[in-house]
Amino acid sequence: MIRVLLADDEELIRSAVAALLALEDDLDVVAQAADGPAAVAAALAHRPDVAVVDLEMPGLDGVAVAAEITRALPACGVVVLTGRGRPGHLRRALESGARGFVTKGVSGTTLAGVVRSVHAGERYVDPGLAADALSAPACPLGARELEVLRLASYDLPAAVIARRAHLAPGTVRNYLLAAQTKLGAATRAEAVRTAERFGWL
C-alpha cells in the first residue's frame, strides 16, 4: 500500500480527492490537513509515502510545505496540486523538492497514476504547464525585490513592509521602484499583478 497525505484548505475538494483515491486498491489516505502547518505536522506524525498538497493554503503554501516535508522526510514524494498553475509556480515547486505538479482538472485515475509514479521515484509535471514554463520569461527580480513585492501585494504601507523585511523604509521604496522598472509597471499594484500573472510571487 502507498500511504498518502492530503492537504487542502477546501474541505469539499479534500474529501472528494480522498474518496477518489480510496477507490484505488493500492492507495491508503492515512492523514488529511486543512493548512500548511497542519500538513507538515501530519507528515511528521504519519510518515506518508506521498503527500498531495494544495498550492495555496493558509499558514504555509504548497511550495513551503514541499520544502519542509522534503527536508524532514526525504523518502516522502510531494505532489503539488493547483487550481491555477503558472510557470513560476511550477519552477518554485520543483526547486522546493516537489516531484509532481498537477492541476485540479485531472481525473482521479490520473492523480492516482501520478501518486504511483512519484512513489516510484519518477517526476510528473502537467504537460500544459510544462509547455507554458518552457515559453515563459525568467523572473528578472532579485530575491529581496521579490520579498518586498510579495509583502506589497497585501497592500501594506512601506513602513510596515520595512519592519517585516527588516529593512529601512527608503530601501523598501528603492526595491519597489526597481521592481516596477524591471517589470515595466507604472504602479506598485501593476508590478504585483505582473509578477502574480507569471507565478513569480
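**A parallel sheet and its helical neighbours**

Asp54 is found in strand 3, and this residue makes a handy starting point for a walk through the model, which is a predicted one. According to the UniProt annotation, from an unreviewed entry, Asp54 is covered by the feature "modified residue: 4-aspartylphosphate". That annotation may be inferred rather than shown by experiment. In the model, Asp54 has 4% relative accessibility, and because the cut-off for a buried residue is under 20%, Asp54 counts as buried. Leaving aside neighbours within four places in sequence, the residues in contact with Asp54 are Ala7, Asp8, Asp9, Gly62, Leu81, Thr82 and Lys104. One of these contacts, Leu81, lies in strand 4 and stands opposite Asp54 there.

The view can now widen from Asp54 to the strand that holds it. Five of the five residues of strand 3 are buried, so strand 3 is largely enclosed by the rest of the structure. In a regular strand, side chains alternate between the two faces of the sheet. Strand 3 can be read with that in mind: Val50, Val52 and Asp54 point one way, Ala51 and Val53 point the other way, and all are buried.

Where does strand 3 sit in the order of the sheet? Six strands make up an open sheet, arranged in the order 2-1-3-4-5-6, with parallel pairing. Strand 2 (27–33) and strand 6 (124–125) stand at the edges; each has a single partner strand, so one side of each is left without a neighbour in the sheet. As a general point, strands of a sheet pair through backbone hydrogen bonds, in either a parallel or an antiparallel way.

The pairings can be followed strand by strand. Strand 1 is joined to strand 3 by four bridges, and the two run parallel; here Val4 stands opposite Val50 of strand 3. On to strand 4: strand 3 (residues 50–54) and strand 4 (residues 77–82) pair in the parallel sense over five bridges. Val50 appears here as well, with Gly77 as its bridge partner in strand 4. Strand 4 pairs in turn with strand 5 over four bridges, again in the parallel sense, and Thr82 stands opposite Thr103 in strand 5. Finally, two bridges join strand 5 to strand 6, and these strands run parallel; Gly100 stands opposite Tyr124 in strand 6.

Strand 5 (residues 100–103) is covered on both faces. Gly100 and Val102 are on one side, Phe101 and Thr103 are on the other, and all of them are buried.

At an edge of the sheet, strand 2 offers another residue to look at. Val29 is found in strand 2. Is Val29 buried or partly exposed? With 24% relative accessibility, Val29 counts as partly exposed. Not counting residues up to four places away in sequence, Val29 touches Val4, Leu6, Ala18 and Leu21. Helix 1 (residues 11–22) lies across strand 1 (2–7) and strand 2, and runs at about 165 degrees to strand 2.

Attention then moves along the chain to a group of helices. Val29 and Lys182 are 153 residues apart in sequence, and their C-alpha atoms are 45 Å apart in space. Helix 9 (residues 169–183) has 15 residues, which at 1.5 Å a residue should span 21 Å; its end C-alpha atoms are 21 Å apart, in agreement with that expectation.

Which residues of helix 9 are buried? They are Val172, Leu176, Ala179, Gln180 and Leu183. These residues cover an arc of only 100 degrees around the axis, which puts them on the same side of helix 9. On the other side of helix 9, Asn174, Leu177 and Thr181 are exposed. The cover over the buried residues of helix 9 includes helix 7 (143–152), helix 8 (158–165) and helix 10 (188–197). Just after helix 9, Gly184 takes a positive phi of about 65 degrees.

Helix 8 can be described in a similar way. Its buried residues include Ala158, Val160, Ile161, Ala162 and Ala165. Helix 7, helix 9 and helix 10 are among the elements that cover the buried residues of helix 8. Just after helix 8, His166 takes a positive phi of about 60 degrees.

How values were computed. Residues are numbered from 1 along each chain as its sequence is written. This is a predicted model: local features need pLDDT of at least 70, side-chain atom pairs count only at pLDDT 80 or more; totals for chains, interfaces and linings use all residues. Side-chain values use heavy atoms; hydrogens and water are left out. Two strands pair if DSSP finds at least two bridges between them. Contact means heavy atoms within 4.5 Å. Axes are lines fitted to C-alpha atoms, for helices over the stretch in contact, and angles run from 0 to 180 degrees between N-to-C directions. The expected span of a helix is 1.5 Å times one less than its number of residues. Buried means under 20% relative accessible area, exposed over 50%, partly exposed in between (1.4 Å probe, protein chains only). The arc is that of the directions from the helix axis to the C-beta atoms.
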